[in-house]
Amino acid sequence: MFESVLIANRGEIAVRIIRTCRRLGIRAIAVYSAADRDALHVRLADAAYAIGPAESARSYLDAGAIVAAARRAGAEAIHPGYGFLSESEALIAACEDAGIAFVGPHREAIRAMGSKIAAKAIAVAAGVPVVPGYHEEDQSDAALIAAAERIGFPLLIKASAGGGGRGMRAVTRSEEFPAALALARAEALAGFGDDRILLEKLVAAPRHIEVQLAGDRRGNLVHLFERECSIQRNHQKVIEEAPAAFLSAAQRAALHRHALALGRAIGYDSLGTVEFLLDDDSGELYFLEMNTRLQVEHPVTEYVTGLDLVEWQLRSAAGEPLPLAQEQIQCTGWAIEARINAEDPAQNYLPGTGAIEHYAAPTGPELRIDSGVAAGSVITPHYDSLLAKAITGGTDREQARRRLLGALEDFTIVGPVTNLGLLRDIMRLPEFTAAPLTTGFLARHFPGGWQAPAVPADVPMLAALALAVLGEAEYDTASPWQTLGAFRLLETADLPGIAYHRLATADGECHEIQIAGRAGRYRVGCGERHFTAAAQRLDGDTLAVEIDGCREHLALRRSGERLVLRRGTGVHELRIPNPHSAAAAAGSGDHRITATLPGRVAEIRCAPGDRVGVGDVLVVLDSMKLLQSLTAACDGVVRELFCAPDDSVEGGALLVELEPSPATGSPANSPADSPTTNS
């Protein structure tokens, strides 16, 4: 076994690998960009080395810088994690030149599976079924258009070298095909440096099921059962579980058999995952792709097998045989994982950035939290939006689901917007357990997109009461509860304390709330609603409230203008409206196109003097692996450009200014098209 391993990654996967290295007595070495100098994985490692600026192309994607750091540190091996250079032949070559072991499969396996076109040819030769489509080398427009007509619509355009949804387009009509092909090619070239395309028949009701493989350098290969990953947004996994539900014994056996056949065809010798589509209508299985690396969702397999997959990876890379034979590996119980991302599911999963003001991960039986952040961590636009993963297990699927729902309800992150509300709602849906899952799950159950549920009428009043109680308990100017804008407690000795406050719910509705009283007894009013309450601070930001003989506990967290109120199993987000911010936003007008997030200008589709209409794409912004099309919000003429291709821009930066046509106007610029990517 290696004495030292450098981890060529960041975030939760770097922390995860450090944990196994510590258990095995291996010195764990981290690397970091300028943006990650104070990141959690840097603090936990035995040593850490700077590798470049914040941009991933000049740090985590720089194989030379990674290997140079490994040589400085005296590392015997490099573990790439997932994403970044995990499937890079360039990193393998650099490792070989430096005499450093690469923790992953041999180069030929990565090359064979790195091209979806080549991978499908290998699968067909190995007797593994593939989705009907076009997987040929002729990449001319004429050949692809002719192939699309033969396959028929609807169909999928996919990047041959891609993954994670980038370079993927569903096309329902032939007249849409040329424009979709051009966009898919551009995304593939920008994301992977390879604009080759393949076409596939669009399976109407697909389930996404994958099989975990493990191999060694001695020719042994086993499967570690399957995972279900059908709940996805923008082709990115949201919920994963092991094993897969609603499979027949024959389907399960076929999945394992086909995965092993493909692995043997390429002499696979590490951890890897073979992904399949299962047509829920016909029951047919189709090979999708193979990921020649550790997967984000590997913890659910670890739970049901009792194995440490990172340890197996390290042992295989060190030349050791697999610890177990196929018949010794058992699948016991059930596990479900939820990915917690800094993104707004109510805004087409727009990524969130900023500092995490408060971070409270849940604890409990059969619960595991894999996280790369903590209170004080800063989420930047330079990397993907994954913050943490919550994994729960149980003797059966329902027990695992209940535990995961409880964990998500107890998870509190104050700062950047997160998808916790969506994850909780998914786990509450009866349909999650009632029928097979498909990749259309979110679209079917949240038509028009997920929106935060309506806030109960008394929640803003309870939040204001909590503000009053916490402010009274910590009445000093340094307390965050005393910097509340319009909110103030009166200190007059002979009068009861009175507080006034405006709170806004997620739907933008503002509530004017009045509170009278102090020292434990309060009267709270909002419009026609009134109640009297006894309230007492317990500890930290928690208080006990009694109304009409009913006692309950509340917890309130605050970050700037944002409030998070926890009430029983409910978590509610509110906002303290800032009139200065509102006025500034109102004054900007709809003729100024601004960057919604920091990022890189990927494309400019207009020039000064161009006449544009509402909805025309003017600028494409690349931020946090998100391609976001910024559109004209009014008819007009382009007055001036304030950016150029490849410019790095800050959030809110002015990009384009229009001269509006007379008598026009509409809401501000909006994301028109946002395929996200992640590992």
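When I call a residue buried today, I mean that its relative accessible area is under 20%, while exposed means over 50%, and partly exposed is in between. Keep that cut-off in mind, everyone, as we go through this predicted model.

Let's start with confidence. The protein chain has a mean pLDDT of 88, and 90% of its residues reach 70 or more. There is a stretch at residues 580–589 where the pLDDT is below 50, and beyond near neighbours in sequence that stretch has one contact in the model. Residues 664–679 also stay under 50 in pLDDT, but for them the model has 65 contacts beyond four places in sequence. So please look at both places with care.

Next, the cysteines. How many disulfides does the count come to? Zero. Take Cys95: the nearest cysteine sulfur belongs to Cys21 and is 15 Å away, and Cys95 is in no disulfide. Cys95 is buried, because its relative accessible area is 1%, well inside the definition I opened with. Now look at Cys643. Its closest cysteine sulfur is in Cys606, at 7.7 Å, which is too far for a bond because a disulfide needs the two sulfur atoms within 2.5 Å. Cys643 is buried as well, with a relative accessible area of 10%.

Now let's move to some helices, beginning with α3, which covers residues 63–73 and holds Ala70. Is Ala70 buried or exposed? It is buried, with a relative accessible area of 0%. If we leave aside neighbours within four places in sequence, Ala70 is in contact with Leu6, Ala75, Ile78 and Ile100. You can also find Val31 on the screen: Val31 and Ala70 are 39 residues apart in sequence, and their C-alpha atoms are 9.0 Å apart in space.

Helix α10 is a nice one to colour by accessibility. This helix runs over residues 298–305, and seven of its eight residues are buried, so α10 is largely enclosed by the rest of the structure. Which residues are the buried ones? They are His298, Pro299, Val300, Thr301, Glu302, Val304 and Thr305. Just after α10 comes Gly306, with a positive phi of about 75 degrees.

One more helix: α12, residues 397–410, is where you will find Glu409. Glu409 carries a charged side chain by class, and yet at 8% relative accessibility it counts as buried. What is Glu409 in contact with, leaving aside its neighbours within four places in sequence? The list is Arg424, Arg428, Arg566, Thr569 and Val571.

That brings us to the second largest pocket, which has about 1400 Å³ of space. There are 46 residues lining this pocket, and the closest to its centre are Asp344, Val417, Ala506, Arg562 and Glu573. Several elements each supply at least two residues of the lining, among them helix α13 (420–428) and the strands β24 (498–505), β30 (562–567) and β31 (570–575). By class, the lining has 23 nonpolar, 15 polar and eight charged residues.

Let me finish with some backbone details, which are good practice for your viewing skills. The peptide bond from Phe153 to Pro154 is cis, with omega near 5 degrees. Pro154 sits in the loop between α7 (141–151) and β7 (155–159). Another cis peptide bond goes from Ala242 to Pro243, this time with omega near -5 degrees. Look for Pro243 in the loop between β12 (236–242) and α9 (249–265).

Then there are positive phi values in residues that are not glycine. Phe84 has a phi of about 45 degrees, and its place is the loop between β4 (77–79) and α4 (89–98). At 22% relative accessibility, Phe84 counts as partly exposed. Tyr349 has a positive phi too, near 65 degrees, and lies in the loop between β16 (343–344) and β17. Is Tyr349 buried or exposed? With 10% relative accessibility, Tyr349 counts as buried.

That's my tour. Thanks for listening!

Key. Residues are numbered from 1 along each chain as its sequence is written. This is a predicted model: local features need pLDDT of at least 70, side-chain atom pairs count only at pLDDT 80 or more; totals for chains, interfaces and linings use all residues. Side-chain values use heavy atoms; hydrogens and water are left out. pLDDT is the predictor's confidence in each residue, from 0 to 100. Contact means heavy atoms within 4.5 Å. Buried means under 20% relative accessible area, exposed over 50%, partly exposed in between (1.4 Å probe, protein chains only). Helices (H or I, at least four residues) and strands (E, at least two) are DSSP runs, numbered from the N terminus. On a 1 Å grid over the protein atoms alone, a cavity is a set of points where a 1.4 Å probe fits but cannot get out, and a pocket is an open set with protein on both sides within 12 Å along at least five of seven lines; lining residues have an atom within 4 Å of a point. Grid points are joined across faces, edges and corners, and a volume is the space filled by probe spheres set on the points.
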